[in-house]
Amino acid sequence: MSRIVYVNGEFVPEEQGKISIFDRGFLFADGVYEVTAVVNGKLVEYDPHMERLDRSLRELNIAWPCTTDELKAMHLEIVKRNALKEGHIYMQVTRGAADRDFKFPKDVKSTLIAFTQTGSLIDNPNAKTGVKVVTVPDIRWERRDIKSVMLLAPVLAKQAAAEKGASEGWMVEDGKITEGASSNAYIVKDGVVITRPLSHAILPGCTRRALMRLAKEHGVKVEERLFTPDEAYAADEAFLTSATQFVMPIVEIDGKRVGGGQPGPLVRKLREFYLEEVVKG
């Protein structure tokens with residue numbers, strides 16, 4: 001069966017899900033997006049995602065396409081219509097459709113689309129083996145804290161990683177790791193989790209936010225500071241977080257094994273803490 005998608009107020013079969021060729025998301029990447037995980041048919045970390053959406057829209061002066069209640073109802077309905085048990089919902093808001101002009105158009109309604117994708121989040125096999133990453137130059141714009149649909153640089157980073165047998169690219173700027181192409185980056189040294197502090201240089205990940213809270217609750221020390229690729233190579237453990245991978249162990253960086261080349265004990269614990277919270281709902 002075809003998926004049911006959402007386009008500007010209507011639920012339609014995916015084959016009928018269409019927007020204007022003049023949509024500014026298509027012409028200028030003038031839009032933002034959010035990805036919300038679904039486990040046991042329930043939304044995961046929904047409120048933090050919508051708080052970040054609101055911030056992204058305000059930073060770019062894009063109008064909300066509907067009320068917050070309507071947006072929540074849409075998420076719940078698209079889960080129901082697709083009988084989604086585990087996976088995620090992708091939603092995108094653009095400034096809308098208008099003749100091609102760099103200036104903001106006037107009196108144009110924002111575009112809102114959403115669709116679901118199934119996926120194994122709880123029993124992701126990669127969590128048992130760990131994943132490989134490679135470092136790539138960070139060529140993105142300076143406002144990475146805005147979850148923009150302008151994703152060509154992450155696409156190139158993911159492709160570079162795939163061509164080297166890795167699943168993620170860790171971006172490097174001024175000799176320091178910023179974040180992954182679609183994730184936040186962490187290393188562990190002497191029992192301390194090290195990750196870059198929030199700023200315009202990285203996306204404020206919702207999974208990151210939850211993990212920082214859980215680490216504090218469970219007495220895991222976290223140090224927010226910049227770190228280099230060499231520090232990552234010499235780390236005891238490494239991992240990434242995202243809405244689609246949750247807490248994912250990293251076992252190799254640039255062909256160099258991290259720790260013993262297998263998921264480390266602290267990362268496994270952090271993943272367990274996060275999954276326990278997710279499953280409880």
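Okay, let's start with a cysteine. Cys206 is buried, with a relative accessible area of 5%. Keep in mind throughout that we're looking at a predicted model.

So what is Cys206 doing with its sulfur? Cys206 takes part in no disulfide, and the nearest cysteine sulfur belongs to Cys66, 18 Å away. To count as a disulfide, the two sulfur atoms would have to lie within 2.5 Å. Cys66 is in no disulfide either, with the sulfur of Cys206 as its nearest cysteine sulfur. Cys66 is buried too, at a relative accessible area of 17%. And if you search the whole structure for disulfides, you get zero.

Next, the sheets. I'll begin with strand S10, which covers residues 184-189. How much of S10 is buried? Five of its six residues are, so the rest of the structure largely encloses this strand.

S10 has strand S13, residues 237-242, as a partner, in the antiparallel sense and over five bridges. If you want a place to look, find Val188, which sits opposite Glu237 in S13. S10 also runs antiparallel to strand S11, residues 192-195, and four bridges join these two. There you can look for Lys189, which has Val192 in S11 opposite.

S10 and S11 form a hairpin with two residues between the strands. Go to Asp190 in that hairpin and check the backbone: phi is positive, near 55°.

Now over to another sheet, an open one with six strands. Reading across, the order is S2-S1-S6-S5-S3-S4, and the pairing is antiparallel. Which strands stand at the edges? Those are S2, residues 10-13, and S4, residues 42-43. Each has a single partner strand, so one side of each is left without a neighbour in the sheet. For S2, have a look at strand S1, residues 4-7: the two run antiparallel and are joined by four bridges. Within that pairing, Val7 stands opposite Glu10 in S2.

Okay, aromatics. How many aromatic pairs are there? The count comes to seven. The one I'd like to show you is Trp170 with Phe227. Their ring centres are 6.1 Å apart and the planes sit at 65°, so this is an edge-to-face pair; the cut-off for that label is over 60 degrees.

This pair links distant parts of the chain, with the two positions 57 residues apart in numbering. Trp170 belongs to strand S8, residues 168-173, while Phe227 is in the loop between strand S12 (222-224) and helix H7 (229-233). Are these two buried or exposed? Trp170 is buried, with a relative accessible area of 0%, and Phe227 is buried as well, at 1%. Elsewhere, ring pairs tie Tyr33, Tyr90 and Phe115 into a cluster.

Last stop, the surface. There's a nonpolar patch of about 480 Å², and the residues that make it are Ile139, Leu151, Leu152, Val155 and Leu156. Where does Ile139 sit? You'll find Ile139 in the loop between strand S7 (131-137) and helix H5 (152-163). Its relative accessibility is 58%, so Ile139 counts as exposed.

To recap: zero disulfides in the whole structure, a largely enclosed S10 paired with S13, an open six-stranded sheet with S2 and S4 at its edges, an edge-to-face pair of Trp170 and Phe227, and a nonpolar surface patch that includes Ile139. That's my tour, thanks.

Conventions: Residues numbered from 1 in each chain as written. Predicted model: local features only at pLDDT ≥ 70, side-chain atom pairs only at ≥ 80, totals over all residues. Heavy atoms only, no water. Buried < 20%, exposed > 50% of the residue type's maximum accessible area, 1.4 Å probe, protein only. Pairing = 2+ DSSP bridges. Patch = residues over 30% accessible without salt bridge, like charges linked within 9 Å, V, L, I, M, F, W, Y side chains within 5 Å. Areas by Shrake-Rupley, 256 points an atom, 1.4 Å probe, with all protein chains shown as cover. Salt bridge = Lys/Arg side-chain N within 4 Å of Asp/Glu carboxyl O. Phe/Tyr/Trp six-rings, centres within 6.5 Å; stacked < 30°, edge-to-face > 60°.
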